[in-house]
Amino acid sequence: MATIIDKVAWIQILDGRILAARSKGKDTYYLPGGKREPGETDEQTLIREIREELTVAVDPATLTFVGTFEAQAHGKAENVTVMMSCYTGAYSGELRPSAEIDEFAWLTYTDRSRVSPVCQQIFDHLHERQMI
């Protein structure tokens, strides 16, 4: 039986680079965001997760859906996939790693090998559209 990990992610692009975060003890980067709590909408999940991980406030009025991507979950059993609903949106505050995040980085498409499989799909999607 297949298992799907349902996540919401924030796409933040600056000068052709995309914001990525690395969790404590990990060597792979992910897009900031996380798992939905029971009853949460995508918007609520994203706002909560970004505040927890990077200490900034995402402006819900600016959220724009980019797409949903699915791939084998990094570091999980073969039958575990991650489904990631992605949004862009403006924020206020200063980006700072918090909670389980060790660091964040602004990556380019050439850094594609440093991100999880689902994030590689997102990088490809954004690269095809000349966004990164």
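**Exercise 1. Place Thr108 and list its partners.**

Step 1. A polar contact of 2.7 Å links the side chains of Thr108 and Thr110. A polar contact is an N or O pair within 3.5 Å; within protein, one atom must be able to donate a hydrogen and the other to accept it, and residues adjacent in sequence count only if both atoms are side-chain atoms.

Step 2. This is a predicted model: local features need pLDDT of at least 70, side-chain atom pairs pLDDT 80 or more, while totals for chains, interfaces and linings use all residues. Residues are numbered from 1 along each chain as its sequence is written, and side-chain values use heavy atoms, without hydrogens or water.

Step 3. Thr108 sits in the loop between E9 and H2. Helices (H or I, at least four residues) and strands (E, at least two) are DSSP runs, numbered from the N terminus.

Step 4. Leaving out residues up to four places away in sequence, Thr108 touches Arg17 and Phe123. Contact means heavy atoms within 4.5 Å.

**Exercise 2. Check the span of H2.**

Step 1. The expected span is 1.5 Å times one less than the number of residues.

Step 2. H2 has 12 residues, so 16 Å is expected; its end C-alpha atoms lie 17 Å apart, which agrees.

Step 3. Just after H2, Gln130 has a positive phi of about 55°.

**Exercise 3. Find what the buried side of H2 packs against.**

Step 1. Buried means under 20% relative accessible area (1.4 Å probe, protein chains only). In H2, the buried residues are Val118, Cys119, Gln120, Ile122, Phe123, His125 and Leu126.

Step 2. They pack against E1, strand E2 (13–14), E3, E6, E7 and E9.

Technical notes:
Buried means under 20% relative accessible area, exposed over 50%, partly exposed in between (1.4 Å probe, protein chains only).
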